[in-house]
Amino acid sequence: MSGITIFWGTLLRQLREKHKFKQAEIASILHIDRASYSNIETGRKRPSAETLAILSNIYDIDLFQYALNNMPETFVREQSEFKAERIAKKKRKKERPAENGPHQSSLSFYNPDNPEDLDDSEDSEDSKKN
């Protein structure tokens, strides 16, 4: 049983009680039995996206935003650290020079002032004439 599953269950129980519904009433709307809904509220079962969408409509609330606003501090801190790491990783990747980038070209250019860049074929033609 994960912390996030228990967290969803706690939120859904609080909302059900706030709106004065019984578990059996919510279960009926979701087309599941009361025991299955109880498993969601106790954290033994995760609510599906469809369940969350239906409950958002019933409670007239954006459950995802509600969950984010009521999330335990440890979850918020983990999310912030995760996002910061991803942003830093992307930034480092952009700053890293690409292989064979413009400053690391594998091309060589002829420099007439450099004796090493002289073509050997000219020398060999001259030697044939002599």
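Below are some short exercises on this predicted model, each with a worked solution.

**Exercise 1. Describe the overall make-up of the chain and the confidence of the prediction.**

Step 1. Start with secondary structure: the chain has seven helices and zero strands. Read from the N terminus, the order of elements is α-α-α-α-α-α-α.

Step 2. Turn to burial and surface. Of the 130 residues in the chain, 22% are buried. The exposed area is about 10,300 Å², and carbon and sulfur atoms supply 50% of it.

Step 3. Look at how the contacts are spread along the sequence. Taking the contacts with a separation of 6 or more, 59% are between residues 24 or more positions apart.

Step 4. Check the confidence before going further. The mean pLDDT is 80, and 71% of the residues reach 70 or more. Among the elements, H2 has the highest mean pLDDT, at 97, while helix H7 (residues 120-129) has the lowest, at 49.

**Exercise 2. Work out which residues touch the most other members of the largest nonpolar core, and which helices supply the core.**

Step 1. Here is a general idea to keep in mind: in soluble globular proteins, nonpolar side chains tend to be buried together.

Step 2. Find the best-connected members. The largest nonpolar core has 17 residues, and Leu-12, Tyr-37, Leu-55 and Leu-63 touch the most other members.

Step 3. Assign the core to helices. At least two residues come from each of H1 (3-18), H2 (23-30), H3 (34-42), H4 (49-59) and H5 (63-69). H1 gives the most, with five residues.

Step 4. Zoom in on Leu-12. Leaving out residues up to four places away in sequence, Leu-12 touches Tyr-37, Ile-40, Glu-41, Pro-47, Leu-52, Leu-55, Tyr-59 and Leu-63.

**Exercise 3. Classify the two aromatic pairs by geometry, and say where their rings lie.**

Step 1. Recall the two descriptors: a pair of aromatic rings is described by the distance of the centres and the angle of the planes.

Step 2. Take the pair of Trp-8 and Phe-64. The centres are 5.9 Å apart and the planes meet at 80°, and the pair is edge-to-face; the cut-off for that class is over 60 degrees.

Step 3. Place this pair in the chain. Trp-8 belongs to helix H1 and Phe-64 to helix H5, 56 residues apart, and the pair links distant parts of the chain. Trp-8 has a relative accessible area of 13% and is buried, whereas Phe-64, at 47%, is partly exposed.

Step 4. Now take Phe-21 and Tyr-59. With ring centres 6.1 Å apart and planes at 55°, the pair is tilted. Phe-21 sits in the loop between H1 and H2 and Tyr-59 in helix H4, so the pair ties together parts 38 residues apart in sequence.

Step 5. Compare the accessibility of these two rings' residues. Phe-21 is partly exposed at 25%, and Tyr-59 is buried at 4%.

**Exercise 4. Trace the polar contacts that the side chain of Glu-41 makes with Arg-16 and Gln-23.**

Step 1. Locate Glu-41: this residue is in helix H3. Its relative accessibility is 6%, so Glu-41 counts as buried, the cut-off being under 20%.

Step 2. Follow the side chain. Glu-41 and Arg-16 are joined by a side-chain polar contact of 2.6 Å. The side chain of Glu-41 also makes a polar contact of 2.9 Å with the side chain of Gln-23.

Step 3. Examine Gln-23, which is in helix H2. Gln-23 is buried too, with a relative accessible area of 15%.

Step 4. List the neighbours, setting aside residues up to four places away in sequence. Glu-41 touches Gly-9, Thr-10, Leu-12, Arg-13, Arg-16 and Gln-23. Gln-23 is in contact with Arg-16, Arg-34, Tyr-37, Ser-38 and Glu-41.

**Exercise 5. Decide whether Ile-58 is buried, partly exposed or exposed, and find what Ile-58 touches.**

Step 1. Ile-58 lies in helix H4. At 25% relative accessibility, Ile-58 is partly exposed.

Step 2. Not counting residues up to four places away in sequence, Ile-58 touches Phe-21 and Ile-29.

Step 3. Finish with a distance. Ile-58 and His-19 are 39 residues apart in sequence, and their C-alpha atoms are 9.6 Å apart in space.

Key. Residues numbered from 1 in each chain as written. Heavy atoms only, no water. Core = buried A, V, L, I, M, F, W, Y, C linked by side-chain atoms within 4.5 Å. Buried < 20%, exposed > 50% of the residue type's maximum accessible area, 1.4 Å probe, protein only. Helix = DSSP H or I, 4+ residues; strand = E, 2+ residues; numbered from the N terminus. Contact = heavy atoms within 4.5 Å. Phe/Tyr/Trp six-rings, centres within 6.5 Å; stacked < 30°, edge-to-face > 60°. Areas by Shrake-Rupley, 256 points an atom, 1.4 Å probe, with all protein chains shown as cover. Polar contact = N/O pair within 3.5 Å; in protein donor to acceptor, adjacent residues only side chain to side chain. pLDDT = per-residue confidence, 0-100.
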